[in-house]
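Trainee: I should like a close look at a single part of this structure, with its surroundings. Please give one connected account.

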Amino acid sequence: MQPVARLSGVSHRYGAVTALDAVTLDIPVGVMAGLIGPDGVGKSTLMALVAGVRRVQTGLVESLGGSMESRAHRAAVAPRIAYMPQGLGRNLYPTLSVTENLQFFGRLFGQGAAERAERIAMLLDATGLAPFPDRPAGKLSGGMKQKLGLCAALIHDPDLLILDEPTTGVDPLSRRQFWELIARVRATRPGMSVLTATAYMEEADRFDWIAAMDGGRVIATGAPADLRARTGAQSLEEAFVALLPEEIRARHTPVPVLPRPANQGRIAIEAEGLVKRFGAFTAVDHVGFSIPEGEIFGFLGSNGCGKTTTMKMLTGLLDPTEGTTKLFGRELGRSDMAARLGIGYMSQAFSLYGELTVRQNLILHARLYGVAPERRAARVAEVMAEFDLAAVAEAMPESLPLGQRQRLQLAVAMIHEPPILILDEPTSGVDPVARDGFWTVLMRLSRDKGVTIFISTHFMNEAARCDRISLMHAGRVLELGTPAEIVARRGADTLEAAFISVLEAEGDGDDAPPEARMPAPAAAPKGRGLAALTRLYAYSWRETLELARDPIRLFFALLGPVILMLAMGFGISFDVDRLSFAVLDQDQSAESRRLTEGFTSIPQFAEAPPFASPAELPGRMGLGGLTLALDIPEGFGRDLHRGAVPEIGLTFDGAMPFRAQTAQGYALGVLQDFSDKIAAEEGIGQTAKVGFETRYLFNQAFESANAMVPSVLMLILMLVPAVMAAVSVVREKETGTIANFQSTPVSRIEFLVGKQLPYLALAWLSFWVLVTLGVTVFGVPLSGSLPALAFAALVYVTATTGFGQLISAFTRTQVAAVFATAVVAIIPTVNFSGLVVPVSSLGEGGRIFGLAFPGAWFQPVSVGAFLKGFGWPEAMTAASVLGLFAAVYLGLAILSLPKQER
């Protein structure tokens, strides 16, 4: 029988790191197949290649009977493959509800409304999610997120279901329910193949076929029973260790389970009546325990039961609503930094600095925790040796396997030698060998150094190594004691069975879900065009929902343009009015007063108190209080009547050249008017041979607002829509939901246009708001065709949102996308698009540069429609060029956004 997937001589590299090394593997069809192995051995890469999410570098990868290097084959089999990436809810959208997430995935696969509703109802019933259809995915527990992710993967009846560590970080009951659901689905669809990776060997033991991997190679394949028989091991975990290369086996030793000394010691951690409420929700409900020094205390519980919240209260990161925490008898107060120095805390997620090397992270935290300068270098060397990090001291954390990253986090937590360690699921997703190494270190810290360790875990073999454990559910501690005591009290065979019995006793998981039976597919599949529109609409609908539920982005999109228009419309003005001036009148004649009145009679000047002496000038003008100083010499009036030419001193503040130059023009105009009047009165004037009259064809009021508001409209519609659209694609890369685009039938143009449309609609709405502000608030006349301007604006914002998506397509983080978009958009738009200087007045290079951006084409239309009576002919000319910009940006974005990762 042909395998469901076949790899032949497949190698894959990430820079200098080899993920897969000449792998040849046939994955049987119609079975539950699994991949097991340490972190970083290529399991995720192999599954991504089989799913078509990653590009084949070397070798041959076939899935469902064809090569995944063929674009046509990938498009043909995409509806038959479901891919669920690694991470809790990684393929889900946290602000969308359970039902909305499934509606989105149903639309991606072209399902009609009736079919979607039937399938969603069945899946929710089968997974026990039916009571929570309207709950946002981000507020589900870890187990519920994975169930919803599985629903999303199963909604289209895949022939190949690919699950990358789907139960990592999930509690035992939820794990059991997850695999029971898979089994029920397979019972109704026996031809479906499942390929999964798991960190839990007890799960892999249930699979039909597994492939063990190490160092980017497959080291063994077969049924779990075959691997155990081949190695003579009692468990699959022992068999896996036995299959590893000799050099790795030599480094692996079983975790020494050493008894605690009989002396209990003092109480290290004491919690009494801890309560934490978030609004009406009680996350922790009267939790209490007492942990002696040197004890390893396991903190077990269902997903979302309040374990992390409790840990944060124990470290002082959260203040309890009620109750107290004592560390070595000292009550932990609000912002008690001294007490925190006695704690080493390791969060569930990797929380160190990716841009620093291993050594630099340790040095930084040694400083932050107050390790004495003369002790730092030695202490860093000690922890690198203790946690086996010396060989990777200069490596970046992202390049390390997960097990080494976790050891690095533990080393950072211990850098200041705290007597208490609080570890939040430190081995989640770590392979068995790395976990054993991690626990060997913990056992040594506890037994040899007396460190008190408070640790949460979902691995029952780790919980069995703890001195005592507690079982928590729904914010309450339900069991407390040694692992053996709890197993005995519950009458169970294993600790996992005891854990599940505790949760079932609380009513969690009692009711067996109904049989998972998928409805028949729609009889008449949609045509290609209609299916493409459905997928495009799915992304537009989803993007609109996410945008509507993000108050910060929505505020920026709707009110950001209004705030910018008001700030720039009122703040940027080339009108120079009420220039302050002061007079040093040394003549005190009627003529000198008449000259002064010439300045005060026009609104461009505002008189300040006169000078008492010339010595006051530097001080008053230096403080910015004066723009112009008028010095009228003694004998000014007498010289005028004698026909002499008196000299008047004009001193300007040249710190702002444009303002000073304008003030000079106003002042010379006043003096010329004064001179003409005196000459006429004295009868010494001459009749001009040529008469002239100055007129302004446009903006007859000669007000800056009339010119600035249309230009600012162009700037705002370039900046805000581009920045908003720039976030849209890169957010999917950061959150991991980009895998939905890569693994489903949606094309690049459907993805990009679908995500662009909501921002395009918001941008055009902003145009209408800004035009209304310009006409009503700023009083700018609209002399041209509003429909023509609106059409040009629609094409313009299509180009600007496309520009943002182009930046988003090749950037990796939201910060980089926003920064790059803002810089690239603002500089040419402000300096080379006619906002300050007309494009025609720029040098040849500046003019060409400006015309290479859409702002330079829309600005003349915007100004012309307001002030010059522009209509459809002018708008259509600009719109045709702007449409070309939009098409080019979309085309470049398509080329920059690969359907497959490298």
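Mentor: In this predicted model, helix 3 (residues 98-108) is largely enclosed by the rest of the structure, because ten of its eleven residues are buried. Buried here means under 20% relative accessible area. The buried residues of helix 3 are Val98, Glu100, Asn101, Leu102, Gln103, Phe104, Phe105, Gly106, Arg107 and Leu108. Glu100 and Arg107 are thus listed as buried together with Leu102, Phe104 and Phe105. The cover over these buried residues includes helix 4 (113-127) and helix 5 (142-154). It also includes helix 20 (528-548) and helix 27 (738-743). Just after helix 3, Gly110 adopts a positive phi of about 75°.

The domain assignment offers a wider frame. It gives domain 1 as 5-80 + 158-249, domain 2 as 93-155 and domain 3 as 267-459. Domain 4 is given as 531-569 + 705-896, and domain 5 as 579-682. Taken over C-alpha atoms, the centres of domain 3 and domain 4 are separated by 47 Å.

A further element for comparison is strand 4 (residues 58-63), which runs antiparallel to strand 1 (residues 5-14) and is joined to it by five bridges. Within that pairing, Leu7 stands opposite Val61. Strand 4 is also joined by two bridges to strand 5 (residues 66-67), again in antiparallel fashion, with Glu62 opposite Ser67. The hairpin of strand 4 and strand 5 has two residues between the strands, and Leu64 takes a positive phi near 55° there.

Note on methods:
Residues are numbered from 1 along each chain as its sequence is written. This is a predicted model: local features need pLDDT of at least 70, side-chain atom pairs count only at pLDDT 80 or more; totals for chains, interfaces and linings use all residues. Side-chain values use heavy atoms; hydrogens and water are left out. Two strands pair if DSSP finds at least two bridges between them. Helices (H or I, at least four residues) and strands (E, at least two) are DSSP runs, numbered from the N terminus. Buried means under 20% relative accessible area, exposed over 50%, partly exposed in between (1.4 Å probe, protein chains only). Contact means heavy atoms within 4.5 Å. Domain bounds come from an automatic or database domain assignment.
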